Amino acid sequence: MAGADEFGQSEAGDSRSLTIDGRYVINPDHKLPDFVNCPSYQVKDTVSPTTELLALAPSALLPPQASAAVIAKIRVPNLLPVRSFNDATGSLWILCDAPPGNPLSDGGTWTETAVLERVIVPIASILHAYNEAGVTHRAIRPDNVFDAGGRSAVCLGPAVTAPPAYFQPDRFEPLTSALCEPAGRGSGSIVDDIFSLGALAAWLLGGCAPYRDDAPGGLLEERFQKGSFAVLAGHLLLSQDVAPLLAAMLSDDPAARPSPRDLLHAADHKGYVVRRSTAATAPIMLGSVRIKTARALAWYAARYGKEFASLLVRGVIERWMSYELGMPQAAGRLALLARDAALAEDGTLASSGTLMEIISAIDPTMPLCWNGIWFWPDAIGQLLTSALAGKSTTSLDPSTAVFELIRTGRLDRFALVTTVATQAAACAVVQKAARQVSVETLSDIDRLPYALNPYLPCLSPRCESDRLTATWALLQWLNAGQDTETAGATALLDRQMTTFMSVAALRSRLVDAFSDLAITKNSWPLDLALLARLQHLYMTGPLKGIGRKLLPHLTPELKRWRSRSTRTSRGEQLAVASGEGDLGLMQKILTDPQALRRDQTAYSAARKQEHALKAERERLERQDTDVPLPMRNEMIRLATAVGVVCAIGSLCAEIVL
């Protein structure tokens, strides 16, 4: 850590320090190396200046999960404590102690005893606390576990610096998570953490071989065919005590893995029994692949759609599952689904929903599969966030998949067929959020990530780097004048800003429905109306910067008044209100309905009077005056005489002068 005399001084000598909880001073101008894939900055504890801390700033596109505040409060030995989880500054900052040693990813030599006593048992104790709190860790991997050396237990790093399992290498994830792209893995259940712990133990006992160059999904097929334990630990020379333990922890059947409580005395326990998954004596063929388990069949069904559909409609899958795997109930459900299944022109199942239900009937512990995309319902928020940012690696846009699931009711259907209780609950949460933010069309789906995660910052490209998690912070950012208006801009806000602020107000119960603040599109007048409402709801005080930005673009709105004097007067009033930062007054000046009605009434009356005068003029022009002929001749004679006299007078005057 830098000395006290260096703290708060950036390279340019301009400090923008932030104070958290009245004691932690963060220097955002002094960036440190990333900590477990999270940007890190210098921080000083003014109460305890010698304590080494890290200030972590999660990326806007990789925010912590919605339950992160609960996780951050967990205190248990051998867990790197989170000192503060705080967004009071308008951006989320996570303060934690500096790690006590080097990460396990630096390598080392480990014995079975050391792994049991210093790794498995201490981390199992942490997972027990997590399980009691109803949360998961989902970041157990070598670069997030730290070793101080000696005989002391390792220290597990924080679980709130990124989305769950996002940075987990495939080899440290169970099959049901590893087959999903990182954004689609979700929080999972505590037995997923048990698998990660077992994979970490196997990696340590295997000599800490490098894994960073592993191709994503490179081990999936082998793991589905042979089993994760055989692939990850089958090459190790393990004792009769440790082999059954790792086999149980690395089981591909979630129900066969031990609980955290079971592992608390792993160093002394000698009687672990491995529950083997049912495997067929006679494998079934899909293409050139020999399949022996229901789990492998579920995965390959999505990969070999045409071959699978052919066997399904002929009843081959049903009979094989019933006789070879001893799963008559699942085979019966499969038969019902197959009876109503329709085939597309290419020979695959025509309905993505049908395939989803079939896969869940084969193995109800598998994640949701829709058009070839595997993901868990509790990861939908992060999946959409990555998709909206163009970071998705799937062939189909996940936004389309999620929208179809919600609108067709298939998400509710998945909740009925999955045996993972947490995911059934997650389906209900997603459906409720979709109703709250009125997801009616595909274009509305970008509202859902904000509704599902309160720690998701505003994703507008203009302020994404500022990681703004609060509406007042975004208003302050807009008011500060940092944003440069682009040429040809048609509005002050963009869709992401509007959505972010509307969902935040709904979450805070400042409005009763999303539609109370939602606007149909972004334009200068509509943005003014929304911002004026937010200024009132959040009681922000004057917003002079926003007023100045809006003022030049509101002149066209004054043309609704027909009276020139009214337009001039209201223009002057608008300029004054803008200078005072009173957006509500600006909105009232522009949209005063009573004054506008009076103006329209006066304009209508003037137009009627104008039409009446025109009609009278036309009538007079067409009117034939009735003058007798003798009088008309006398009038002409008199006019001629007057003209002659005037001409003679003019000539005389010219001669005299």
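A pocket here is an open set of grid points with protein on both sides within 12 Å along at least five of seven lines. Its volume is the space filled by probe spheres set on those points. The second largest pocket of this predicted model has a volume of about 980 Å³. Its lining counts 36 residues. Closest to the centre are Arg-276, Ser-277, Thr-278, Thr-293 and Arg-295.

Which elements supply at least two residues each to this lining? Five are helices: H5 (220-226), H6 (228-233), H9 (294-303), H12 (328-340) and H13 (352-362). Strand E11 (289-291) does so too. H5 gives the most, with 4 residues. By class, the lining of the second largest pocket is mixed: 17 residues are nonpolar, 8 are polar and 11 are charged.

Two of these lining helices, H12 and H13, also pack against each other. Their axes lie 9 Å apart, at an angle of about 170 degrees. Angles over 145 degrees count as roughly antiparallel, so H12 and H13 are roughly antiparallel to each other. From H12, the contact uses Ala-330, Arg-333, Leu-334 and Leu-337. From H13 come Thr-354, Glu-357, Ile-358, Ala-361 and Ile-362. The residues of this contact divide into 6 nonpolar, 1 polar and 2 charged.

H13 has another partner, helix H16 (residues 410-417). Here the axes are 10 Å apart and the angle is about 10 degrees. Angles under 35 degrees count as roughly parallel, and H13 and H16 are therefore roughly parallel to each other. H13 contributes Gly-353, Thr-354, Met-356, Glu-357 and Ser-360 to the contact. H16 answers with Arg-410, Arg-413, Phe-414 and Val-417. By class, the contact of H13 with H16 has 3 nonpolar, 3 polar and 3 charged residues. Thr-354 and Glu-357 of H13 appear in the contact with H12 and again in the contact with H16.

Now step back to the chain. The protein chain has 27 helices and 13 strands. Of its 657 residues, 48% count as buried. Take the contacts between residues at least 6 apart in sequence: 67% of them join residues at least 24 apart.

Next come the enclosed spaces. How many cavities of 30 Å³ or more are there? The count comes to 3. The largest cavity has a volume of about 90 Å³. Its lining is made of 16 residues. Ala-139, Arg-141, Thr-161, Ala-162 and Pro-163 lie nearest its centre. By class, the lining of the largest cavity has 11 nonpolar, 3 polar and 2 charged residues.

The second largest cavity holds about 60 Å³ of space. It is lined by 13 residues. Nearest its centre are Ile-71, Ala-72, Leu-79, Val-82 and Tyr-130. The lining of the second largest cavity has 11 nonpolar residues, with 1 polar and 1 charged.

Three loop residues complete the tour. Asn-371 sits in the loop between strand E12 (368-370) and strand E13 (373-375). Its phi is near 55 degrees, a positive value in a residue other than glycine. Is Asn-371 buried, exposed or partly exposed? Its relative accessible area is 37%. Buried means under 20% and exposed means over 50%, so Asn-371 is partly exposed.

Arg-467 also has a positive phi, of about 55 degrees, although it is not a glycine. Its place is the loop between helix H18 (448-452) and helix H19 (471-479). Arg-467 has a relative accessible area of 10%, so it is buried.

Lys-559 lies in the loop between helix H23 (555-558) and helix H24 (564-580). Its relative accessible area is 63%, so Lys-559 is exposed. Along the chain, Lys-559 and Leu-590 are 31 residues apart. Their C-alpha atoms are separated by 10.0 Å.

Definitions and conventions:
Residues numbered from 1 in each chain as written. Predicted model: local features only at pLDDT ≥ 70, side-chain atom pairs only at ≥ 80, totals over all residues. Heavy atoms only, no water. 1 Å grid on protein atoms, 1.4 Å probe; cavity = no way out; pocket = protein on both sides within 12 Å on 5 of 7 lines; lining within 4 Å. Nonpolar A, V, L, I, M, F, W, Y, C, P; charged D, E, K, R; others polar. Axes fitted to C-alpha atoms, helices over the stretch in contact; angles between N-to-C directions. Parallel < 35°, antiparallel > 145°, perpendicular 65-115°, else oblique. Contact = heavy atoms within 4.5 Å. Buried < 20%, exposed > 50% of the residue type's maximum accessible area, 1.4 Å probe, protein only.
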